[in-house]
Amino acid sequence: MFNRETLVNQVNSNPNWDVIIIGGGATGLGVALDAATRGYKTLLLEQVDFAKGTSSRSTKLVHGGVRYLAQGNVDLVREALYERGLMLKNASHLVSKQSFIIPNYRWFDSAFYTLGLKVYDLLSGKLSFGKSTRINKSETVSRLSTLKNDKLKGGVVYYDGQFDDARLAVNIAQSCIENGATVLNHFKVNTLLKNTDGKINGVVAKDTESGLEYKLNAAVVINATGVFSDAVLKMDNISAKTSIRPSQGIHLVFDKSYLPGNDAIMIPKTEDGRVLFLVPWHNKVVVGTTDTLLDSHSLEPKPLEQEIDFILQTANKYLNKKATRKDVLSIFAGLRPLAAPKDNSEKTKEISRSHKIIVSSSGLITITGGKWTTYRRMAQDTINKVIALKKLPKLKCKTKDLLIHGANGIVDRSNHLYIYGTDQTLIADLITENPDLSVRLHPRLQFTKAEVVLAVRNEMARTIDDVLARRVRVLFLDAKAAIEIAPLVGELIREELNQTAAWKAEQISDFVKMAEQYVLK
Ligand SMILES: Cc1cc2nc3c(=O)[nH]c(=O)nc-3n(C[C@H](O)[C@H](O)[C@H](O)COP(=O)(O)OP(=O)(O)OC[C@H]3O[C@@H](n4cnc5c(N)ncnc54)[C@H](O)[C@@H]3O)c2cc1C
């Protein structure tokens, strides 16, 4: 079912679709799942890999956004808290409840955050993740053993969610296919097709593996390309104004000894007025993020020196275990789409806090902004808009209670394989067939050869980057280890795809060059 040849054949034999979605991040995949489950004939095309863009580079939180509450954005927070609850129910293998502690150094802060978080609890209603509480200094220190406790007054505990972003993207892609959609990675849209009235009625897309081009027709084309949206808007109208300005956020990943307990830390106001999180993730700690306006976007955004310094300095202000550059196991950057100023007098505005659907005069639908947590609601609103525009017959949204591929309800997190949910049995089967596949990829990592084989056979991975960045998250957890195992992983993929030695050599060289950027020197 997840075989590339089968999926490409579906494109080959079906030039006509109800919906074509450009972009396989959280937004595009959500729209594809919504459209397919309603019963529309759906095609999604992703130029590189699912979640290659911002959707694999988040802070890994499934959250209502405490920060937005402080800004008085109550409706937005209520909506995100509702979606947070649905995500936990529908993707229980990848989403978990996470306790956060806000350390307080002034009595006023303690009262302020306790009250604010009570409102947060109330807004989550029946889908609450747990009641927030004020804790005293000794409990704060015992739960956060690496927190500096000079002048510490106490803490406030609250609950949000935590997840594996890229794996959820892959599982949503699998759910799309299980519900009748055709979903392809390594397939780039280069041109939009228009009818004689100038209305968009399809795309020209290239399979970047075979180099073959396809002309595909659709009742509606949806642009879900995040920070790349302007490039697609320009395919529609060459003189379209720049609507997006990217803002970069970086994260540093450290060993678990920097945060040995189960709680995450939330610093509500850093020196630049942002929020900083220190979150346990796959037995490591993710620390971020920043907000730096850039002039251009890229598939591999580069962390800036001032961002690295800022995160290290801020973390060291709160931690009694000193974090230095050499302690960083991986560093990654993601881009938020901000609304570009219309003229010089206007400043950039964040559009990512709530989503926005734009309909161009030629009928192209662009969906931007929002956050991972609200991907399902964004998709529902997008397809409802398409129906309101009478581009598709009315059919009801079905994703509210839809289990995502792999979800099984009961999650035993004692074994790292829990992330596969119901697919864990496939890994066991592979190892029974070939016991050598139980061998670990690296002495510092729990991941095994079987997981690479599964990624290629069942999860549509095609390259070393697809496997090490977004199926097993080694590149984000330990970039040096990722570089060290690239030849082994390259060989496993080569065998599975029946590729040549030259293909493997090129793969290793491309991957290592890219992965060097995740190593902090
Ligand atoms: C630093 C940072 C931290 C964040 N943390 C969180 C968090 O903790 N929790 C949360 O809920 N949200 C978080 N977010 C927000 C969330 O990550 C984004 O809202 C979400 O990932 C955006 O998804 P997207 O699909 O719109 O964009 P993307 O993930 O960027 O996807 C767009 C895709 O389009 C593809 N594409 C582009 N052009 C073409 C083409 N011509 N043909 C085919 N494909 C194309 C790209 O390759 C890309 O994969 C964070 C964002 C940032 C920047």
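This passage walks through the cysteines, three helix pairs and two loop residues of a predicted model.

The cysteines make a convenient starting point. A disulfide is a covalent bond between the sulfur atoms of two cysteines. A search of the whole structure turns up zero disulfides. C176 takes part in none, and the nearest cysteine sulfur, belonging to C397, lies 13 Å away. Seen from the other side, C397 is likewise in no disulfide, its nearest cysteine sulfur being that of C176 at 13 Å. Since a disulfide requires the sulfur atoms to be within 2.5 Å, the 13 Å between the sulfurs of C176 and C397 rules out this pairing in the model. The surroundings of each cysteine can also be described by accessibility. C176 is buried, with a relative accessible area of 0%, whereas C397 is partly exposed, with a value of 24%.

The helix pairs come next. Two packed helices are described by the angle between their axes and the distance between the axes. Helix 15 (residues 479-497) packs against helix 16 (residues 501-515) at an angle of about 155°, and their axes are 9 Å apart. Helix 15 is therefore roughly antiparallel to helix 16, and the crossing of the two is right-handed. On the helix 15 side, the residues in contact are A479, A482, I483, A486, P487, G490, E491, I493, R494 and L497. Their partners in helix 16 are A501, W503, K504, I508, F511, V512 and A515.

Helix 15 also meets helix 12 (residues 449-458), with axes that come within 10 Å and cross at roughly 40°. This angle makes helix 12 oblique to helix 15, and here too the crossing is right-handed. Helix 12 contributes K449, V452, V453, V456 and R457 to the contact, while helix 15 contributes L488, V489, L492, I493, E496 and L497. Readers following along in the structure may like to look at I493 and L497 of helix 15, which appear in the contact with helix 16 and again in the contact with helix 12.

A further pair is formed by helix 4 (residues 74-90) and helix 10 (residues 375-388), whose axes come within 8 Å and cross at roughly 110°. Helix 4 is thus roughly perpendicular to helix 10. In this pair, E79, E83, L86 and M87 of helix 4 meet Y375, R376 and R377 of helix 10.

Two loop residues complete the picture. R471 sits in the loop between helix 13 (464-470) and helix 14 (474-477). Although R471 is a loop residue, it counts as buried, at 1% relative accessibility. Its side chain makes a polar contact with the side chain of D49, at 2.8 Å. Leaving aside residues up to four places away in sequence, R471 touches D49, F50, R167, V170, N185, A455, E459, M460, A461 and D466. Among these, A455 belongs to helix 12.

S128 is found in the loop between helix 5 (107-124) and strand 5 (133-136). With a relative accessibility of 30%, S128 counts as partly exposed. The side chain of S128 reaches the backbone nitrogen of G130 at 3.1 Å. Setting aside residues up to four places away in sequence, S128 touches R84 and K97. R84 lies within helix 4, so the S128 loop can be located in the structure from that helix. As for T42, this residue is 86 residues from S128 in sequence and 34 Å away in space, C-alpha to C-alpha.

Methods. Residues numbered from 1 in each chain as written. Predicted model: local features only at pLDDT ≥ 70, side-chain atom pairs only at ≥ 80, totals over all residues. Heavy atoms only, no water. Buried < 20%, exposed > 50% of the residue type's maximum accessible area, 1.4 Å probe, protein only. Helix = DSSP H or I, 4+ residues; strand = E, 2+ residues; numbered from the N terminus. Polar contact = N/O pair within 3.5 Å; in protein donor to acceptor, adjacent residues only side chain to side chain. Contact = heavy atoms within 4.5 Å. Axes fitted to C-alpha atoms, helices over the stretch in contact; angles between N-to-C directions. Parallel < 35°, antiparallel > 145°, perpendicular 65-115°, else oblique. Left-handed = near helix turned anticlockwise from the far one by under 90°.
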